[in-house]
Amino acid sequence: MQESQRSKLNYHSDMRDQGINGRHDVTMYDRGRASVTGVKEVVSFDSNEILLETTRGALAFRGEGLHVKRLTVEKGEVDLEGQICELKYSDSHSVKDAGSFFGKLFK
């Protein structure tokens with residue numbers, strides 16, 4: 001795939017004191033694949049939404065045909081595929097604290 005045909009989004013935060021490897025990155029290719037590091041927990045997933053708790057807060061992917069392709073718990077890494085339509089963070093650093101936020105957001 002040529003670089004001009006590939007859309008790439010990178011988000012990086014070096015938070016050594018925040019947990020898993022101290023780093024949180026999101027890399028997305030063509031809105032069809034994404035890799036996430038700094039994942040503490042996969043809270044929930046189905047074909048329309050994947051909700052992760054990361055070292056930088058709750059992160060939700062919304063779209064169609066979404067699935068977790070690879071999960072490496074020890075390293076805090078997740079790869080996902082599908083048609084990604086939306087990527088959102090909550091302001092909270094915990095999914096448990098953000099429950100009402102996501103409940104309202106994704107109804």
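User: Helices (H or I, at least four residues) and strands (E, at least two) are DSSP runs, numbered from the N terminus. How many of each does the chain have?

Analyst: This is a predicted model: local features need pLDDT of at least 70, side-chain atom pairs count only at pLDDT 80 or more, and totals for chains, interfaces and linings use all residues. Residues are numbered from 1 along each chain as its sequence is written, and side-chain values rest on heavy atoms, with hydrogens and water left out. From the N terminus, the elements run β-β-β-β-β-β-β-α. The tally is one helix and seven strands.

User: What share of the chain is buried?

Analyst: Buried means under 20% relative accessible area, exposed means over 50%, and partly exposed lies in between (1.4 Å probe, protein chains only). The chain has 107 residues. Of these, the buried share is 38%.

User: How much of the exposed surface do carbon and sulfur atoms supply?

Analyst: Accessible areas come from the Shrake-Rupley method with a 1.4 Å probe, and for residues only the protein chains shown count as cover. The chain exposes about 6,300 Å². Carbon and sulfur supply 46%.

User: Among contacts with a separation of 6 or more, what share joins residues 24 or more positions apart?

Analyst: Contact means heavy atoms within 4.5 Å. Pairs 24 or more positions apart in the chain make up 43%.

User: Which residues touch the most other members of the largest nonpolar core?

Analyst: A nonpolar core is a set of buried Ala, Val, Leu, Ile, Met, Phe, Trp, Tyr and Cys residues joined through side-chain atoms within 4.5 Å. The largest has 13 residues. Four of them touch the most other members: Val-36, Leu-52, Phe-61 and Ile-84.

User: Which elements give two or more residues to this core?

Analyst: The contributors are all strands. They are E2 (23–29), E3 (33–37), E5 (49–54), E6 (57–72) and E7 (77–89).

User: Which side chains of E3 point to the buried face?

Analyst: In a regular strand the side chains alternate between the two faces of the sheet. E3 shows such alternation. Arg-33, Ser-35 and Thr-37 point to one face and are not buried. The buried side chains, on the other face, are Ala-34 and Val-36.

User: Which residue in E7 stands opposite Val-36?

Analyst: Two strands pair if DSSP finds at least two bridges between them. E2 and E3 pair antiparallel over four bridges, and there Val-36 is the bridge partner of Val-26. E3 also pairs with E7, antiparallel, through five bridges. Opposite Val-36 in E7 stands Val-78.

User: Which residue takes a positive phi in the hairpin of E2 and E3?

Analyst: Three residues lie between these two strands. The phi in question is near 50 degrees, and it belongs to Asp-30.

User: Which residues form a network through shared salt-bridge partners?

Analyst: A salt bridge is a side-chain nitrogen of Lys or Arg within 4 Å of a carboxyl oxygen of Asp or Glu. Arg-70 bridges to Glu-77, with the closest N and O atoms 3.1 Å apart, and to Asp-79 at 2.8 Å. Arg-70 is partly exposed at 33% relative accessible area, while Glu-77 is buried at 19% and Asp-79 is buried at 17%. The network joins Arg-70, Glu-77 and Asp-79.

User: How many salt bridges does the whole structure hold?

Analyst: Another pair is Asp-25 with Arg-23, whose closest N and O atoms are 2.6 Å apart. Asp-25 is buried at 15% relative accessibility, whereas Arg-23 is partly exposed at 40%. The search of the whole structure gives a total of five.

User: Is Thr-54 buried or exposed?

Analyst: Thr-54 lies in strand E5. Beyond four places in sequence, its contacts are His-24, Gly-38, Val-39, Lys-40, Leu-59 and Tyr-89. Its relative accessible area is 0%, so Thr-54 counts as buried.

User: Which backbone oxygen does the side chain of Thr-54 reach?

Analyst: A polar contact is a pair of N or O atoms within 3.5 Å; within protein, one must be able to donate a hydrogen and the other to accept it, and residues adjacent in sequence count only if both atoms are side-chain atoms. The Thr-54 side chain reaches the backbone nitrogen of Arg-56 at 3.0 Å. At 2.7 Å, the oxygen reached is that of Gly-57.

User: With which side chain does Lys-88 make a polar contact?

Analyst: Lys-88 is in strand E7. At 32% relative accessibility, this lysine is partly exposed. At 3.4 Å, its side-chain partner is Glu-86.
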